[in-house]
Each structure stands twice: as structure tokens, then as C-alpha cells.
Amino acid sequence: MIEAVFFDAMGTLMYLPQSVGHHYRLVAEKHGVRADETALDQAFRMVWKQMPPRQALAGPRPDDDKGWWRDLVTRVIEMASPGSRVSADCFEEIYAHFAEPSVWRIYPEVPEVLATLSKKTRIGVISNFDKRLRAILDGLGVLGFFEHVILSSEAGADKPDPRIFELALATMGVPADHALHVGDDPVHDWEAASAAGMRIYKLERPGNSLAGVLGSL
């Protein structure tokens, strides 16, 4: 019996219709930084792999992971545009830019699936994100469907760390084998949730969609 369904966010509920490089260029140019969009995308992919893991703590990370993002943004822009300097104002605007719901899109089936599912069971989110996610989900019109939004910045642990799943289960008050986790990442979602004792729904777009979650229950 499934008592609660948890969803990953990025790649599961929502996506960026324009690349990260597009948005970095858009904002950076306003601060006098010239960088090619393709170069920014390439730099982002490289820097993302090089970034140190965010610190695992027993509770919320004190800066909501903002310092980690400042480091990443600075490295990306300086790699894509050698000699450029990322000012404090430039970073702040980029950081705030990604909190704007208009930057994101939800997948077409999401509103109907969440509306239907919320009538049958409790639902929540488990995401490697920070507090900006709540504003994004609210602006996209779906925050109200979720009983709890469990964020890695507040949990002090990123998926695939089992502690974020344990916190989500404790917050909802459901045993692991009565919970279903829905996500698109083989390691962070499928393997990690399974290791935590949860059931999983393997989202593999375009082969399936969240509509299949209803049938899996």
C-alpha cells in the first residue's frame, strides 16, 4: 500500500526550455560581461563535474547553498570568458533570475497527474535544490499539491545520501516500504531511493511520463 508519493523536481516535474548558457549570457551582458552561449554551456557542464560536493551536515546548511552557487557561476563565466570578472551584483542577479518561474516550464502532464494523485494519496518533493524551488513551484501553479517539499539545502544532505530520504519519510510519517519515489536519475533517484527501502518509478522520457505513476499505484 502506497501512503505517500515523492517527486524529484528538475527533469521530473520541470525543466529549462532554454539552456543555462542562454540565461547566464542574458544576465551577464547587462553587467558588461561578453560570453558566447555555447561556450557558457560547455563551461557549465565541465564546472558542474568539477565542483566539490556540497557539505553534508546534520541540519540546514547556513547559507542555503548560495556560496556553492556563487563559486560555480564565477568559475563558469571566467572559463567561458577569460579575463572577465563576475561582480557581486552580476552573481546576485543570476541567482535571482533562476528563482523566476518564467525561466522554467513544467512538463505537460504534471498538473493533471498531481491533481488526480493528490485526491488519492499524500504527495511531496525530494530535491537537490534550495529555497528558490518553493517560489518556482508556486509560480508554476503546483506548489499547493505538495504536503512537504524536502530540499537538500535544508536537509543538509544531497541525494543520493540516504539522510534526505530518511528526513522525507520522517516528515511525512510513513514507512519506507509504503512510499514511492518518482525520478529520472538512475543514481540519485532510482538507486538511492531503493537503498532507502522505498519503491521507485523510473521516469525515462520520452519512453514514459508521469502519467504512468497513476497506473503504478
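Which elements make a right-handed β-α-β unit here? Hi everyone, that is where I'd like to start, and please keep in mind that this is a predicted model. The unit is made of strand 6, helix 9 (residues 186-195) and strand 7.

Let's stay with strand 6 for a moment, and look at its neighbours. On one hand, strand 6 pairs with strand 1, residues 4-7, in the parallel sense over four bridges. In that pairing, Phe7 stands opposite Val182 of strand 6. Strand 6 also pairs with strand 7, residues 199-202, again parallel and over four bridges. There, His181 of strand 6 stands opposite Ile200.

So is strand 6 buried or exposed? Five of its five residues, 179-183, are buried, so the strand is largely enclosed by the rest of the structure. As a reminder, side chains in a regular strand alternate between the two faces of the sheet. In strand 6, both faces are covered: Leu180 and Val182 are buried on one side, and Ala179, His181 and Gly183 are buried on the other.

Now, on to the cores. Phe7 comes back here, because the largest nonpolar core, with 56 residues, has Phe7, Tyr24, Leu72 and Phe146 as its residues with the most contacts inside it. 

Helix 3, residues 66-80, gives the most to this core, with seven residues. A second, separate core has 16 residues, including Ala4, Ile164, Phe165 and Val174.

Finally, a closer look at Tyr24. Leaving aside residues up to four places away in sequence, Tyr24 touches Leu40, Phe44, Leu72, Val73, Val76, Ile77, Ile94 and Phe98. Thanks for listening!

Note on methods
Residues numbered from 1 in each chain as written. Predicted model: local features only at pLDDT ≥ 70, side-chain atom pairs only at ≥ 80, totals over all residues. Heavy atoms only, no water. Core = buried A, V, L, I, M, F, W, Y, C linked by side-chain atoms within 4.5 Å. Buried < 20%, exposed > 50% of the residue type's maximum accessible area, 1.4 Å probe, protein only. Helix = DSSP H or I, 4+ residues; strand = E, 2+ residues; numbered from the N terminus. Contact = heavy atoms within 4.5 Å. Pairing = 2+ DSSP bridges. Right-handed = clockwise from strand over helix to strand, strands pointing away.
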